[in-house]
Amino acid sequence: MLFKLALLSLKDRKNSVLLSVLAMTVSIVVLIGIEHIRQQTKANFANTISGVDLIVGARTSSMNLLLYSVFRIGNPTNNIRWDTYQAIANSKQVKWAIPISLGDSHKGFRVMGTTPEYFDFFSYGQKHGLTFKAGARFNHVFDVVLGADVANQLGYRLGDKITLAHGIGATSFSHHSANPFTVSGILARTGTPVDQTLHVSLQSIEAIHNSGPQTVQLSEALSLKDVQDDPSLQPKTITAFMVGLENKMAIFQFQRRVNEYALEPIVAILPGVALSELWQMMGMLENTLLLISVLVFIAASFGVSAMLLASIRERRHEINLLRMMGAPAYFLFLLIQAEALLITLLSCGLGLSLLSTCLWLFGDELVSQFGLNIDANLLTLNTLYVIMATMIASVLIAIIPSLTGYRHAKQLNN
């Protein structure tokens, strides 16, 4: 009966209640949206790379090595020699090793030189391997495999010809136009930096930077197997390489061995640890966004409280009628509390529906523009905690108009 009376009372003041519900709905969208995106981003961030035990590069900070090797952000302090890579990759403790070479780009997207084994061993999320939406891995020297966002934003299809450029700027005046690449494959979306990367062979990286006569001959090579023993295409240096070990228990021992490598200053990092450290550095921004959303909700809650407080004078007839029917003074207190809860519940329902719809409609845009793979399903434990917190907050903030209504009812009794 209490909630039925509260609902009827809110209907009687539908105009002011509607404005309060809209303000509360916006605050709920902001609060739950930021919390959901924060949790999803954190999960995506941690799942950017998996199954890789170590990342090895020139000696630098773990953050810098992680950023340029995984997120394609920034530049390496130095390259490492090919013979260093071979010495470590051929170790009995190493199950697989994937070299990567960076430095070129195409219309603002990074180009990464690697080996065909990259598509076998690289994984993300819960050890999800790379899959092809169309085509296959590169088998010819001048084949290129595109990430999902590269293909979508630039409109490329299998068989299209593209030209790489030297450097990583969106605009370059140094193009490798003598050796166009053919799109041999397009990867399925991963929600990671892989989607914004063009993948080519290490041999092609050497070929496009080779000013000798071999470049002309290579354009007619049928496959990578035809040139794998060509010394002119053997990489001199690479940017970094990823390592998977036979025995996971030997990670720290192998890491110390790499860090103490005497022939070249190199460093090995654990990607999981480096990702956690990088996320902690972003903690201030994360907490600032959460604080802003909480303040928005508190402001909307005070608006609801002010609306309920202002309505008490208008509801004297209703209060008198309830008192004449024998309703005790505390009933008015509970009635106003019930109205605040109903407004908050309605706002939560509208907010969740609106936010879920927006994520469903613009999910692909978030991935392509910002690299955020956000799930439109908001029915999570964190969302439940946020809703419970908003209900408690609405009850606390509604205490002021509830006490005012209670005192008013007591005065009528006297």
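Me: A helix in this predicted model is a DSSP run (H or I) of at least four residues, and a strand is an E run of at least two. With that settled, how many helices and strands does the protein have?
Reply: There are 15 helices and 15 strands.

Me: What share of the protein is buried, and what makes a residue count as buried?
Reply: A residue is buried when its relative accessible area is under 20%. By that cut-off, buried residues account for 50% of the 414 in the protein.

Me: And how many of the contacts join residues at least 24 apart?
Reply: Take the contacts between residues at least 6 apart in sequence: 77% of them join residues at least 24 apart.

Me: Let's go to helix H3. What makes you say that it is largely enclosed by the rest of the structure?
Reply: H3 runs over residues 62–69, and six of its eight residues are buried, so "largely enclosed" is a fair description. The buried ones are Met63, Asn64, Leu65, Leu66, Tyr68 and Ser69.

Me: Which elements do the buried residues of H3 pack against?
Reply: Four strands and a helix: E1 (54–58), E3, E14 (240–245), E15 (266–269) and helix H10 (271–281).

Me: Why are H3 and H10 described as roughly perpendicular?
Reply: Their axes come within 10 Å and cross at roughly 100°. The "roughly perpendicular" class takes in 65 to 115 degrees, and therefore H3 and H10 get that label. H3 brings Ser62, Met63, Leu66 and Leu67 to the contact, while H10 brings Pro271, Ala274, Leu275, Glu277, Leu278 and Met281. Sorted by class, that contact has eight nonpolar residues, one polar and one charged.

Me: Just past H3 there's Gly74. Where is Gly74 placed, and why is it called partly exposed?
Reply: Gly74 sits in the loop between H3 and strand E2 (80–81). Its relative accessibility is 32%; the partly exposed class lies between 20% and 50%, so Gly74 falls into it.

Me: What does Gly74 touch, leaving out residues up to four places away in sequence?
Reply: Tyr68 and Arg110. As for Asn64 in H3, Gly74 is 10 residues from Asn64 in sequence, and their C-alpha atoms are 7.5 Å apart.

Me: What makes Leu18 partly exposed?
Reply: Exposed needs over 50%, and Leu18 has 49% relative accessibility, so it counts as partly exposed. Leu18 belongs to helix H2 (residues 14–46). Its C-alpha atom is 9.1 Å from that of Ile343, with the two positions 325 residues apart along the chain.

Me: And Asn382: why is that one put in the partly exposed class?
Reply: Buried would need under 20%; Asn382 has 29% relative accessibility, so it is partly exposed. Asn382 is in helix H14.

Me: Which residues is Asn382 in contact with, leaving aside its neighbours within four places in sequence?
Reply: Glu35 and Gln39. Gln39 is 343 residues away along the chain, with 8.4 Å between the C-alpha atoms.

Me: On to empty space. What makes something a cavity, and how many cavities of 30 Å³ or more does the search find?
Reply: In a cavity, a 1.4 Å probe fits but cannot get out. The search of the whole structure turns up one of 30 Å³ or more. The largest cavity holds about 50 Å³ of space.

Me: Which residues line the largest cavity?
Reply: Met24, Ser301, Val304, Ser305, Ala340, Thr344, Ser394, Ile397 and Ala398. Helices H11 (283–314), H13 (329–370) and H14 (381–397) each give two or more residues to that lining, and H11 has the largest share with three.

Me: How do the residues of that lining divide by class?
Reply: Five are nonpolar and four polar, with no charged ones.

Me: What is the volume of the second largest pocket, and which residues are closest to its centre?
Reply: The volume of the second largest pocket is about 440 Å³. It has 18 lining residues, and Thr115, Pro116, Glu117, Gln203 and Gln228 are the closest to the centre.

Me: Which element gives the most to the lining of the second largest pocket?
Reply: Strand E3, with three residues. Helix H4 (82–89), E3 (94–106) and helix H7 (202–208) supply at least two each. By class, the lining of this pocket has 10 nonpolar, six polar and two charged residues.

Technical notes. Residues numbered from 1 in each chain as written. Predicted model: local features only at pLDDT ≥ 70, side-chain atom pairs only at ≥ 80, totals over all residues. Heavy atoms only, no water. 1 Å grid on protein atoms, 1.4 Å probe; cavity = no way out; pocket = protein on both sides within 12 Å on 5 of 7 lines; lining within 4 Å. Points joined across faces, edges and corners; volume = space filled by probe spheres on them. Nonpolar A, V, L, I, M, F, W, Y, C, P; charged D, E, K, R; others polar. Buried < 20%, exposed > 50% of the residue type's maximum accessible area, 1.4 Å probe, protein only. Contact = heavy atoms within 4.5 Å. Axes fitted to C-alpha atoms, helices over the stretch in contact; angles between N-to-C directions. Parallel < 35°, antiparallel > 145°, perpendicular 65-115°, else oblique.
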